[in-house]
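The exercises below are meant to be worked through with the sequence and the coordinates side by side. Each task is followed by a solution that proceeds in steps.

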Amino acid sequence: MNLQNLWFVLIVVLWSGYFLLEGFDFGVGMLLPFLPRDDEERGAMFESIGPVWDGNEVWLVTAGGATFAAFPAWYATMFSGLYIALLAVLFFLIIRVISFEWRSKSESPAWRKVWLWANAVGSFGASLIWGVGFANLLYGTPINSSGDFDGTFWDLFNWYTVLAGLAVVAIFAFHGATFLTLRTQGDLLARAGRAAKRLSVAAAVLGAGFLISTVVVAVDRNDKNVFPPVLPAAIGIAALVLAAVFVHRRRQIWAFTMTGLGAIAVIVTLFTSLFPRVMVSSTDFGNSLTVSNSASQHYTLAVMTVVALIFIPLVLLYQGWTYHVFRARVGGPGGEPTH
Amino acid sequence: MILASSTTVDLARAQFATTSIYHFLFVPLTLGLGPIVAIFQTMWRRTGDEAWLRLTHFFGTLFLINFAIGVATGLVQEFQFGMNWSVYSKFVGNVFGAPLAIEGLAAFFLESTFLGLWIFGWNRLSPRLHLATLWIAVIGTWLSAYFILVANSFMQDPVGYKIVNGQAVLTSVWALLSSHWAFSAFVHTILAGLTCGAAVVFGVCCWHFARGRNVELFRPAAKVALIVLVPVSCVNLWFGSHFGILVTSLQPVKISAAEAQWEDCQKCAFSLFQIGGFTKSDETPSFSIEVPGLLSYLSTGSFNGKVTGLNELNNQYVAQYGKGNYLPSIEAIYWSMRVMAYAGSFVALVAIIGAFLFWKRRLERLKWFLWIAVASSFLPFLACAAGWCLTEIGRQPWIVQGLLKTGSANSPAVSSTWLAISLGVFISLYAVLLVLDIWLMRRYAGRDPSDQGGASPAPAIGY
């Protein structure tokens, strides 16, 4: 495998890490207005992701930086083309990030309510737009012959990209609910379990619809064969269906594993459908950005490969350790480790 | 509504300036307050004195209130290169992207993950390990600053690259990482960050002294703050002026612009204040107060040094790069440099007087000085903002010195309408957050540290 393709894979890894980890943070955020009955339970839900959300978000920062370094033309066209969408993502992420530290800083119920909703709306909005945004890379945007986006904000919306947005919202909400079944106890746990059951149907239906559509769009609009994109799509559908089964059988760890796999399958299916292109042009297929026409030179990629091979395992190690340290369930009395 | 492309560039510049200056109100506080909180916690571990633990919780809370905004606004910075400056991003991505990506992998992961461990780890980690998590997070923030400054240095003093097919391509990552400019900028920034952190801690202590509250508790905190603040603020004045010599050799326009020095000169005077003299049609100020030889010393290291004037520099650039105006806004540079230097000097002066009064045990009773110290805790932030204005406006018209001009580096896909929307969103959102942040900081800085059960090692933050 040449370094350009390796970096395409590493970008997929970084976005997968982001969807897997911040996916459940967003899910917990979306459930904030609905699950807890009192302020203590709201606090418990915040605490369930409190120690880890910031580290999870760095997967986004790194994915962005790595795209800039390894595929400058892709980074430039994607970020300037999806301008208003990314502006909205930034708005949602900012109000959400701040809610974590600021909510508890005043006893005022109004203040706490504002930041709870900031987290919920931020999580929902960011999930929706990530779905719409990534789907656009495959469905195609107006890209001119100099490789620049040449359209309007409304060009980003069509049946497929909207379906992608809704599917990502549903999958993240489901993923957040299965995460909460691992991290909470008592009444909150019971309610998280019920929410997971309800969300499992929506996530499986929308997720399957989106993954199948992705394969269709890949064949239709990106000159791909059904195989290989169908492989991650099938795994994703199976994972979401199994997650629904496990949720009903109260196999919490397995359910969470499967929703995580479902979140990763969204990214892997999309990028498998894209390769070797990274952004399809709807103006003229020949204008599409590809791995090779948007990549950095060999030396930069070689340097970045060494850095990534040293640091990604280290990051996985200490982030994994963090999850071990905070394995105890939150809320309720005691808070001792339960597994 | 589609306006001329110069308007688009101006809007993009206005947005970058707004969001960067705002981001950099919170960054230096993170860089400087983090280690001071870590010192407090280390003192608690060493002495077992509960007062240090209270101080750790007290200033730790102030640290976290601001850290959140720093993280949130940092994302904007990373996205903005691609969103607003796509031509620039394509041009420098091979080189500039690398330090940004390394920052994420090697520094930001470290700081975010270990800060999470510190905030929630009070009862779950052994005390030694828990203390280590904070120090590791601090190291992460400093490493972060280093890699970001390496990236910025490429815009000021491009090294370790060659131009291939109209793109800057990396040829030596070591040249990039060990750039003399990056090293100087890093030291200057860390010292500025420590100045900000220590000035805030000292200011908060003085506020409590002035109101006669918790005097015994805040005295050791004031001592630590002064031990940091006096040397750091003084050394940074020297280091910053020394940095000027490097800047002169690489970006002579910046230094001559900072003095509004139109003609070549030797034994050049530094003007402390001047009226007029900032434009080509009005080269001679109508009034000025000057220090003989100081400009020569600041830019060459010798009171007898020669400084090339703006007119001659512009001629040299015209000969090298073709017709055009290669001078930035002289008035903006002149005043940025002075605001930075005067604010920095005043903080150093307050620190020295404060240390003297502290040593004589008179600090807590001198009300007028205490209020000056409280007000002075804002000055390092002003100095930082002015310093970045000097650095970035002083580089114009270049976005990458000598290689690419700002006027042709913005995103062709982004219309002025989109930019107007995003600038409006950022200004309104940031304004609201700043008001709330100041309200929160005032509330938490004025609190009685013994109110919050700080004596028991409870979590610093409860949800």
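**Exercise 1. Decide whether B:Cys268 is buried or exposed, and establish which cysteine is its disulfide partner.**

Solution. In this predicted model, B:Cys268 has a relative accessible area of 2%, and because buried means under 20%, B:Cys268 is buried. The next step is to look at the sulfur atoms: those of B:Cys265 and B:Cys268 are 2.1 Å apart, which lies within the 2.5 Å required of a disulfide, so the two residues form one. The partner, B:Cys265, also counts as buried, at 16% relative accessibility. As for the geometry of the link, the angle about the S-S bond is 105°, and the link is right-handed. A search over all chains of the structure finds one disulfide.

**Exercise 2. Explain why B:Cys205 has no bond to the closest cysteine sulfur, and find how far B:Cys384 is from its nearest cysteine sulfur.**

Solution. For B:Cys205, the closest cysteine sulfur belongs to B:Cys206, and because the distance of 6.8 Å is too far for a bond, no link is formed between them. B:Cys205 is itself buried, with a relative accessible area of 0%. Turning to B:Cys384, the nearest cysteine sulfur is that of B:Cys196, at 3.9 Å, and B:Cys384 is in no disulfide. B:Cys384 is likewise buried, its relative accessible area being 8%.

**Exercise 3. Describe the surroundings of B:Ser184: which helix holds it, and which residues does it contact beyond its neighbours within four places in sequence?**

Solution. B:Ser184 belongs to helix α6 of chain B, which covers residues 180-210. Once its neighbours within four places in sequence are set aside, B:Ser184 is in contact with B:Phe239, B:Phe243 and B:Leu246. With a relative accessible area of 7%, B:Ser184 is buried.

**Exercise 4. Characterise the interface of chain A and chain B by its residues, its area and its salt bridge.**

Solution. Begin with the participants: 74 residues come from chain A and 73 residues from chain B. The area buried between the two chains is about 6,500 Å², and carbon and sulfur atoms give 76% of it. Of the area that chain A buries against chain B, A:Tyr83, A:Trp102 and A:Lys105 supply 12%, more than any other three residues. For the charged pairs, one salt bridge is found across the interface; it joins A:Asp148 to B:Lys90, whose closest N and O atoms are 3.2 Å apart. The count of residue pairs in polar contact between the chains is 15. On the side of chain A that touches chain B, several helices each supply at least two residues, among them α2 (39-49), α5 (83-102) and α12 (298-325). The residues of that side divide into 46 nonpolar, 20 polar and eight charged.

**Exercise 5. Locate the cis peptide bonds at A:Pro276 and B:Pro397, and then place the positive phi values of B:Asn165 and B:Arg361.**

Solution. In chain A, the bond joining A:Phe275 and A:Pro276 is cis, with omega about 5°, and A:Pro276 lies in the loop between α10 (252-274) and β1 (277-279). In chain B, the bond from B:Gln396 to B:Pro397 is cis, with omega near 5°, and B:Pro397 lies in the loop between α13 (379-393) and β7 (398-400). As to phi, B:Asn165 has a positive value of about 50° although it is not a glycine; B:Asn165 lies in the loop between β1 (161-164) and β2 (167-170) of chain B and counts as exposed at 76% relative accessibility. B:Arg361, with phi near 60°, is found in the loop between α11 (330-359) and α12 (367-376) of chain B, and at 55% relative accessibility B:Arg361 counts as exposed.

Conventions
Residues numbered from 1 in each chain as written. Chains lettered and ligands numbered in written order. Predicted model: local features only at pLDDT ≥ 70, side-chain atom pairs only at ≥ 80, totals over all residues. Heavy atoms only, no water. Buried < 20%, exposed > 50% of the residue type's maximum accessible area, 1.4 Å probe, protein only. Contact = heavy atoms within 4.5 Å. Buried area = accessible area lost by both parts, 1.4 Å probe. Salt bridge = Lys/Arg side-chain N within 4 Å of Asp/Glu carboxyl O. Polar contact = N/O pair within 3.5 Å; in protein donor to acceptor, adjacent residues only side chain to side chain. Nonpolar A, V, L, I, M, F, W, Y, C, P; charged D, E, K, R; others polar.
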